[in-house]
Each structure stands twice: as structure tokens, then as C-alpha cells.
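Reader: I would like a close look at a single part of this model, followed by whatever surroundings help to place it. Please take the time to go through it in one connected account.

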Amino acid sequence: MKQYDYLIVGAGLFGAVFAQEARRAGKRCLVIDRRSHIAGNIYTEQVEGINVHRYGAHIFHTNSKEVWDYVGRFATFNRYTNSPIANYHGEIYNMPFNMNTFNRMWGVVTPAEAKAEIERQRAAAGITEPKNLEEQAISLVGTDIYEKLVKGYTSKQWGRPCDQLPAFIIKRLPVRFTYDNNYFNALYQGIPNGGYTAMVEGMLEGTEVRLGVDYLQEKESLDALADRVVYTGPIDAYFGYRLGALEYRSVRFETEVLDTDNYQGNAVVNYTDAETPYTRIIEHKHFEFGTQPKTVISREYSAEWKVGDEPYYPVNDDKNGALYAQYRALADGEKNVLFGGRLGEYRYYDMDKVIESALEAVRKELG
Ligand SMILES: Cc1cc2nc3c(=O)[nH]c(=O)nc-3n(C[C@H](O)[C@H](O)[C@H](O)COP(=O)(O)OP(=O)(O)OC[C@H]3O[C@@H](n4cnc5c(N)ncnc54)[C@H](O)[C@@H]3O)c2cc1C
């Protein structure tokens, strides 16, 4: 008999939820992570008493009562509502595009006036079949919003001008004809008091965790410890990139402590002009209504990705979709390994969806 029922590779949200449920069902689990900390990409660390989201801002939102109740077992959530603002050369606009945005842009007051203006701009552009992202965006929201709020931001995000990007990247642009600045349409939303790391710590309570251990470097000896493996690392890395590397977009963060108690008055500010090199500035304390004397900000720069860099956003085009399907077929042949999470399944997963997916996987697994 092996020492553990499950070796769980990755102490991120998928691995932690799986471990919590398997342990509650009486299974013996070992969780490992190659990083020096738990919580994967939702890791928060304290700097100047402020919970800093090291791998990018994370706002929990869900429509699922089951998931909301689930996370509520491990953390108390505050009332944070995501209302990002856009800074275009010093002009401030509310996001997502709503009546506050339209009023600031054109002076319109009623939804009928806003709709008429968008319609007028769409008609004037005369685009029937958008051939690229620029045409797609203009056909959805008109020229002004595109020029000031979409063009610079999106080209920085993808590292290419919008007329050289495929139209499919923007299927829809949420436009709201109410004065509602709440970014997410979710029923439940908030930030865990005390940060995400404490929440994941709660999920992993009672489970053995080893940090700084890279599964792929010690695969044989680690496999010998457990009957089954739950792998939440990159699927292509598992197979030694033998079919080639799946592509990602990456993000670089420049984090700074500032000697002021309030730098930008909002947690998230998007810089939508093309000239500012970063896409956003996050001021972490505002996620938890912090009153500390100092503040911590992170400038986010969109970055090209190469093997070895931190993978953030999968590139869901046909080429990568086909490559993933090939890796998936190889994964199906690994009878003792369950591939899960954002890297194991090469897909963008919001936190609530990754929890749902881990709960489903563990239910299937334990029967
Ligand atoms: C920039 C950004 C912002 C986001 N913002 C939001 C948001 O606001 N709201 C929201 O709901 N979701 C957000 N998400 C999504 C969220 O980050 C994911 O849902 C979540 O992190 C997925 O958890 P996971 O366990 O699948 O992956 P991860 O958190 O990446 O965990 C995988 C773990 O596996 C470890 N690992 C990999 N390979 C090995 C190996 N060989 N050996 C040992 N360990 C290994 C890694 O170190 C990592 O800790 C955002 C994502 C990004 C990229």
C-alpha cells in the first residue's frame, strides 16, 4: 500500500479544493508546489499591513450560491464591488461602458440619447462584416468609445495594433444603459477579509503540504508515494513539450510602496491611451478599504511569453486549440493522472469556475 491516496501537484485553488474534499472523505493527500508559497496565482502577501495580490488583482464573483457558500466556509467576504475607472490622457471614465461613461463622453443624459449616439457612429462607420478587431469594436460601440477606451488598451494587451488583431477576440463589449458602475453582473462578489492566502490555508488545513518541490523534476520518486496524481501544472510541460509549447500572454508587475495613504482613489485604474506603457495600476489597499498610512501599487505591463515565463492568459486561437487537443489525447492515456485547473486544462478559468470544476472532479473521483 502506498503512503498516500493522492499526490496533488499544485497548491492553487484547484489543488486546495480537491485536497479539502478528498481529506474530508478520509483520503490521505500530499500537496506539493514548486513555489515557496501556497494559493497559486491567488496568493496575497502582506506588505505594510496591506494584502498585495502578487499575481494580479483577484476579485471574487459568482452567480453560484453553492460556490459562494463553499468559500464562505473558509473566509468572510467584504462588500467590495469592482468599479474600475479608465484614464484616457487624464480624462476619467467609468467602466464598464454605461450611462456615466456616455454622459462624460457626449453630455447625453437619457438612455435613448446614448443609444442614438452609438447608433449614429456605427452607421457612419458603415461596417457590415468586421474584418479585424478595430472594425468589430467600432461596429459594437461606435468610434469615440473605441478610440478613447478600447484601441490603446487592447493594442497594449496584445502587443499589436487593433487592425492587425482578429475580430473574434472581442465577441461582445458590454454596454449598459443604466448608471451602474458595478463591473460584474454576478449575484455575489467580494474580497476575503485577510486575503486569499488565508482562505486557501483554511482549505489545506489538516493536509500535508510540501513547498519548493517541482513534480516534473522528481516525478518517479513522487509517483511512488501515491496511488493517484492530480496534476494542476501546465499540460504541455507534463509531456516535456514534446508536441511544442502552448502559447500564453504574460503580465509583468512593477510593485511599489508609496509614502501616501491614497494614490489613485480606486483599486483598479485602466490606462486606455497607447502612450502610457502599462495597462493598469492596481492600488491594493482599496480592495479591503485599508486605512494604512502607506499604500502599495502595481503597474501591469502586458508581456510576450516564452517557455519559462509565468503563463497567465491562454491564447485560445485555432492553432493552440488544436495543439491542446493533441495533449489532451495524450493525457487521456495517463490512467493514474487527473489533469485539472487553468494550466492542466489550458483555459481561462475564473476562481468560481475553478472551484466548481474541482468539486466536480473530486465527486467523480470519489464516486
Ligand atoms: C492576471 C489574472 C487575473 C485574474 N483575476 C481574476 C479575478 O479577478 N477573478 C477571478 O475569479 N479569477 C481571476 N483570475 C483567474 C484565477 O487566477 C484562476 O481561476 C486560479 O488561479 C486558478 O487556480 P489553479 O489552481 O487552476 O491554478 P494556479 O493558481 O496557477 O495553481 C497551479 C499551481 O501549480 C503549481 N505547479 C505548476 N507546475 C508544477 C510542478 N511541476 N510542480 C509543482 N507545482 C507546480 C504552480 O506553482 C501553481 O501554484 C485571474 C487570472 C489572471 C491570470
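Reader: How many bridges join strand E13 to strand E14, and in which sense do the two strands run?

Author: The model is a predicted one, and within it E13, residues 280-283, is joined to E14, residues 295-303, by four bridges, the two strands running antiparallel. E13 also pairs with strand E12, residues 268-271, again in the antiparallel sense, here over three bridges. Ile281 can be followed in both directions: Val269 stands opposite this residue, while in E14 its bridge partner is Arg299.

In a regular strand the side chains alternate between the two faces of the sheet. For E13 both faces are covered, with Arg280 and Ile282 buried on one side and Ile281 and Glu283 buried on the other. The loop between E13 and E14 contains Phe289, which is not a glycine and yet has a positive phi of about 55°. With a relative accessible area of 40%, Phe289 is partly exposed, because that value falls between the limits of 20% for buried and 50% for exposed.

Another sheet in the model has a parallel pairing: five strands form an open sheet in the order E9-E2-E1-E10-E16. Its edge strands are E9 (208-211) and E16 (337-339), each of which pairs on one side only, and neighbouring strands are turned against each other by 20° on average, with direction ignored. Within this sheet, E1 (residues 4-9) is joined to E10 (residues 226-231) by five bridges, and Leu7 stands opposite Val229 of E10. Helix H1, residues 13-24, lies across E1, E2, E10 and E16, and runs at about 165° to E1.

Turning to the helices, two packed helices are described by the angle between their axes and the distance between the axes. For H4 (residues 111-125) and H5 (residues 133-141) that angle is about 140°, and the axes are 7 Å apart. H4 and H5 are therefore oblique to each other, since an angle has to be over 145 degrees to count as roughly antiparallel. Ile118, Arg122 and Ala125 of H4 make the contact with Ile138, Ser139, Leu140 and Val141 of H5, a set that divides by class into five nonpolar residues, one polar and one charged.

H5 itself is mostly covered, seven of its nine residues being buried; among them are Leu133, Glu135 and Gln136. The buried residues of H5 pack against H4 and against helix H6 (143-158). At the N-terminal end of H5, Asn132 acts as a cap, with a side-chain oxygen 3.1 Å from the backbone nitrogen of Glu134, and after H5 comes Gly142, whose phi is positive, near 85°. In H4, by contrast with those buried positions, there is Ala124, which counts as exposed at 63% relative accessibility. Ala124 and Ala112 are 12 residues apart in sequence, and their C-alpha atoms are 18 Å apart in space.

Two further loops deserve a look for their backbone geometry. In the loop between E6 (85-88) and E7 lies His89, a residue other than glycine with a positive phi, near 45°. Pro96 is found in the loop between E7 (91-94) and helix H3 (99-106), and the peptide bond leading to Pro96 from Met95 is cis, with omega near -15°.

Notes: Residues numbered from 1 in each chain as written. Predicted model: local features only at pLDDT ≥ 70, side-chain atom pairs only at ≥ 80, totals over all residues. Heavy atoms only, no water. Axes fitted to C-alpha atoms, helices over the stretch in contact; angles between N-to-C directions. Parallel < 35°, antiparallel > 145°, perpendicular 65-115°, else oblique. Contact = heavy atoms within 4.5 Å. Nonpolar A, V, L, I, M, F, W, Y, C, P; charged D, E, K, R; others polar. Buried < 20%, exposed > 50% of the residue type's maximum accessible area, 1.4 Å probe, protein only. Polar contact = N/O pair within 3.5 Å; in protein donor to acceptor, adjacent residues only side chain to side chain. Pairing = 2+ DSSP bridges.
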